[in-house]
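This report goes through one protein chain, from single helices to the sheet and the core. The sequence and structure come first.

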Amino acid sequence: MLRRSSFALIPAFVLAATFVGNAQAPAGGAQGQGQGQGQGQGRGNAPPPAPMEIKQVKPGLYMVTGMGGNSTVRVGNQGIILVDTKNLGDQFYNDLVAKIKTVSDQPIKHVFVTHVHQDHSGNIGKFTAAGVEVIAHEGLKRNLETGGPKGTGYESAAGKPAPPSVTYAKQHKVTLGNISAVAYNFGPGHTGGDTFVHFPDLRVISLGDHFVAAQPNSDYPMGGSILNWSKSLNEILKLDFDTAIPGHGDNPLTKADVQAFQKKLEFIGNKGVELAKKGVPKEEIRQQIQAAGGAELGMWMVTGIINDARLDMFYADLQAAAKTAK
Ligand SMILES: [Zn+2]
């Protein structure tokens with residue numbers, strides 16, 4: 001387990017502190033990514049997974065926490081638009097549908113999936129089988145077919161998610177009676193097939209794992225990029241919203257929270273490119289970015305975003321950028 005060996009580098013008191021905040025963040029490298037709760041770095045010490053709960057964010061819009069990434073439920077007069085499908089498995093699908101039924105009798109008509117990790121994409125197949133349109137970025141479909149270190153496509157311990165029924169490249173709008181939603185992709189970030197879903201009338205955006213309450217991670221084998229991630233968030237910040245639903249975390253957050261998150265990623269990228277240009281070796285780059293970022297960066301650099309499993313690909317990303325920036 002790569003994850004275990006990385007612990008050797010980290011003082012015990014730091015690990016103890018990160019266990020708590022990290023329970024929901026998929027923290028594995030490569031194929032281990034996105035396994036959902038219980039697969040984070042706090043495995044073993046982590047509390048049992050939280051049950052699914054639905055809560056109102058604004059009138060007509062709810063978030064469902066627990067048993068995978070957060071789902072967003074937008075209720076209109078002709079049906080429901082849903083974002084993300086929870087962990088792969090009949091039980092999770094049934095629970096999600098039952099939770100939605102507690103707030104509306106309207107049928108689910110459209111589902112957006114924010115990215116390939118099974119804690120978000122898990123039940124695509126159940127929805128398409130039920131006749132629901134499932135929309136995702138074309139990169140997600142590619143991830144399923146050819147993603148991963150071996151190029152054989154995304155798989156998880158729970159199985160392989162089914163492909164979406166509709167894909168798009170940059171932007172995709174859905175109108176359903178009195179509601180609408182617009183999906184966007186601004187290039188690689190958390191993965192190479194991320195979708196953000198904007199509900200313009202309510203000024204709410206669902207960001208999948210592009211924005212999480214705990215530490216983020218970039219799935220390089222699935223086409224993610226830390227360097228482009230902050231640029232993508234800059235584009236997102238141009239949209240009109242005051243509320244952001246994170247991929248993981250129990251509560252809706254604000255545009256200011258997204259801004260702060262973007263600044264951290266931008267700092268990591270800029271500092272990393274600057275150090276790579278000077279020829280600083282990859283092992284030192286991580287430490288130097290952490291030192292320069294100070295307490296504000298938390299432990300993002302050593303336990304989260306650039307753990308051992310991702311260091312090589314992060315470094316390749318930096319070197320490529322350092323060359324073009326010369
Ligand atoms: Zn993810």
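Which exposed residues does the face of α11 turned away from its buried side carry? In this predicted model, that face of α11 carries D312 and K323. The buried residues of the helix are A309, R310, M313, F314, D317 and L318. Viewed down the axis of α11, these buried residues fall within an arc of 145°, so they line one face of the helix. Helix α11 covers residues 308–324, and its 17 residues should span 24 Å at 1.5 Å a residue; the end C-alpha atoms are 26 Å apart, which agrees.

Helix α9 can be read in the same manner. It runs over residues 282–293, has 12 residues, and reaches 17 Å from its first C-alpha to its last, close to the 16 Å expected at 1.5 Å a residue. I285, R286 and I289 are buried in α9. They cover an arc of only 95° around the axis, which puts them on the same side of α9. Turned away from that buried side, a face of α9 carries the exposed residues E283, E284 and A291. Just after α9, G294 takes a positive phi of about 65°.

**The chain as a whole**

The protein chain has 11 helices and 13 strands. Of its 326 residues, 49% are buried. Among contacts in the chain with a separation of 6 or more, residues 24 or more positions apart account for 67%.

**Strands**

Strands of a sheet pair through backbone hydrogen bonds, either parallel or antiparallel. An open sheet is formed by 6 strands in the order β8-β9-β10-β11-β12-β13, and its pairing is mixed. Its edge strands are β8 (171–176) and β13 (253–254), each of which pairs on one side only. At the β13 edge, 2 bridges join this strand to β12 (residues 243–245), and the two run antiparallel. A244 stands opposite L253 in β13.

Strands β1 (residues 53–58) and β2 (residues 61–65) also run antiparallel, joined by 5 bridges. Q56 has Y62 in β2 as its bridge partner. The hairpin of β1 and β2 has 2 residues between the strands, and G60 in this hairpin takes a positive phi near 90°.

**Positive phi and loop residues**

Most residues other than glycine have a negative phi, and most peptide bonds are trans. Where do the positive values lie? The table lists two residues other than glycine with positive phi, together with their loops.

| Residue | Phi | Loop | C-beta neighbours |
|---|---|---|---|
| M67 | about 55° | between β2 and β3 (71–76) | 23 within 10 Å |
| K86 | near 70° | between β4 (79–83) and α3 (90–101) | 28 inside 10 Å |

M67 is buried, with 23 other C-beta atoms within 10 Å. K86 likewise counts as buried, with 28 C-beta neighbours inside 10 Å.

What about G177: buried or exposed? With 11 C-beta neighbours inside 10 Å, G177 counts as exposed, because the cut-off for an exposed residue is 12 or fewer. G177 lies in the loop between β8 and β9 (179–184). Leaving aside neighbours within four places in sequence, G177 is in contact with G76, N77, Q78 and G79. G177 and I80 are 97 residues apart in sequence, while their C-alpha atoms are 9.8 Å apart in space.

**The nonpolar core**

Which members of the largest nonpolar core touch the most other members? Among its 68 residues, they are V73, V111, F112 and I205. Helix α8 (residues 255–277) gives the most to this core, with 7 residues. The core draws at least three residues from each of domain 1 (2–44 + 264–324) and domain 2 (53–262).

Contacts can be listed for one of these residues. Not counting residues up to four places away in sequence, F112 touches V83, I135, A181, A183, T195 and V197.

Notes:
Residues are numbered from 1 along each chain as its sequence is written. This is a predicted model: local features need pLDDT of at least 70, side-chain atom pairs count only at pLDDT 80 or more; totals for chains, interfaces and linings use all residues. A nonpolar core is a set of buried Ala, Val, Leu, Ile, Met, Phe, Trp, Tyr and Cys residues joined through C-beta atoms within 7 Å. A residue is buried if 20 or more other C-beta atoms lie within 10 Å of its own, exposed if 12 or fewer, and partly exposed in between; C-beta atoms are placed from the backbone. Helices (H or I, at least four residues) and strands (E, at least two) are DSSP runs, numbered from the N terminus. Domain bounds come from an automatic or database domain assignment. Two residues are in contact if their C-beta atoms, placed from the backbone, lie within 7 Å. The expected span of a helix is 1.5 Å times one less than its number of residues. The arc is that of the directions from the helix axis to the C-beta atoms. Two strands pair if DSSP finds at least two bridges between them.
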